[in-house]
Amino acid sequence: MLVGCWRHSLLHYSSCTFVLIHYYLHDMRYLYTSLRRWSLSLLTCSLLAGSLSAQTDNEVQPDRPDHSEGTSVLSPRRLQIEWGVGTSSGYHNMGLMLRYGLVPDLELRLEGLLQRPYRGTVQVSDLTLSSKLALFSGDGWIPAMTLVGYLNYAPQEEVRRVTGDLTLALEQELVSSLSLTCNIGSAEGMRRLSLTAELGYNFTDRLSSFVEYYGVFGPAEHGCDLGLSYAVTKDFLIDLSCGRTFFASGAVNYASLGATYRL
């Protein structure tokens, strides 16, 4: 009787193990198929966008210090370094973004943010790997468009440390030297809606400015900021910005100084 029970348990354990392996292999095949389809779709979009989007190396165009994503994409084999240091209510912070042109109309980016409380140690707040794909360079009243995909890592989170998001950026020149940039996308792992609207004005070929509204909804958080940038050369730019974000618990002020260098 004991032998029969032992055999029955062994068969039951073997069956459960087989079922688990079957489902594991099925999930792996599904993940592989999804990644392959995503890669093929991204490659197809890149090839199609190559004939639509124009590239220019005349002036450096950073994606910071504002919250809006611009529509400029680096040319292949170009590297751009963007960094900034600042202070906010209760924190000092330093951000760094590396952008690299992979193929025509597609760039990869790595971005990190360090924060240090006024009374505390330095900690990594966010680490983001993203890709930026140019969809259209703009024609007449049709705005320039880019699609940005994010893979975010937040070490301070206990549950969802790794998340993914998407943002569609649109940019349109309203009149000479005045442009409007809008973003619509997701935040916090597709759980919230993110919107931005920015007006940019070029005083001269070197000196430019922006004023921006940004918001994340569900629950709502709003903010506004403004800044100035000065192009020392066509490949080196410095910027100064400040803003205020309104949370349910109160408002936070911040200011930053940064620079951008293109290799």
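Biologist: How many salt bridges does the count come to in this structure?

Modeller: The count comes to 12 salt bridges, where a salt bridge is a side-chain nitrogen of Lys or Arg within 4 Å of a carboxyl oxygen of Asp or Glu. Keep in mind that this is a predicted model, where local features need pLDDT of at least 70, side-chain atom pairs count only at pLDDT 80 or more, and totals for chains, interfaces and linings use all residues. Residues are numbered from 1 along each chain as its sequence is written, and side-chain values use heavy atoms, with hydrogens and water left out.

Biologist: What makes Arg 99 and Asp 63 a salt bridge?

Modeller: Their closest N and O atoms are 3.6 Å apart, and the cut-off is within 4 Å, so the pair counts. Arg 99 sits in strand β2 (residues 91–103) and Asp 63 in the loop between α1 (2–50) and β1 (79–88), 36 residues apart, so to speak of distant parts of the chain is fair. Helices (H or I, at least four residues) and strands (E, at least two) are DSSP runs, numbered from the N terminus. Arg 99 and Asp 63 also belong to a network of salt bridges, with Glu 69, Glu 82, Glu 107, Arg 109 and Lys 132.

Biologist: And which parts of the chain does the pair of Asp 239 and Arg 64 link?

Modeller: Asp 239 forms a salt bridge with Arg 64, with 2.8 Å between the closest N and O atoms. The pair links strand β11 (residues 236–247), home of Asp 239, to the loop between α1 and β1, where Arg 64 lies, 175 residues away.

Biologist: Why is Asp 239 called buried?

Modeller: Buried means under 20% relative accessible area, exposed over 50%, partly exposed in between (1.4 Å probe, protein chains only). Asp 239 has 3% relative accessibility, so it is buried. Arg 64 has 15%, so Arg 64 is buried too.

Biologist: What about Glu 188 and Arg 192: buried or partly exposed?

Modeller: Glu 188 is partly exposed because its relative accessible area is 40%, while Arg 192 is buried because its value is 9%. These two form a salt bridge as well, the closest N and O atoms being 2.8 Å apart.

Biologist: How do you know that Cys 224 is in no disulfide?

Modeller: A disulfide is a pair of cysteine sulfur atoms within 2.5 Å. The structure holds 0 disulfides. For Cys 224, the nearest cysteine sulfur is that of Cys 242, 9.0 Å away, so the pair does not meet the cut-off of 2.5 Å.

Biologist: What makes Cys 242 partly exposed?

Modeller: Its relative accessibility is 36%, so Cys 242 counts as partly exposed. Cys 224 is partly exposed too, at 40%.
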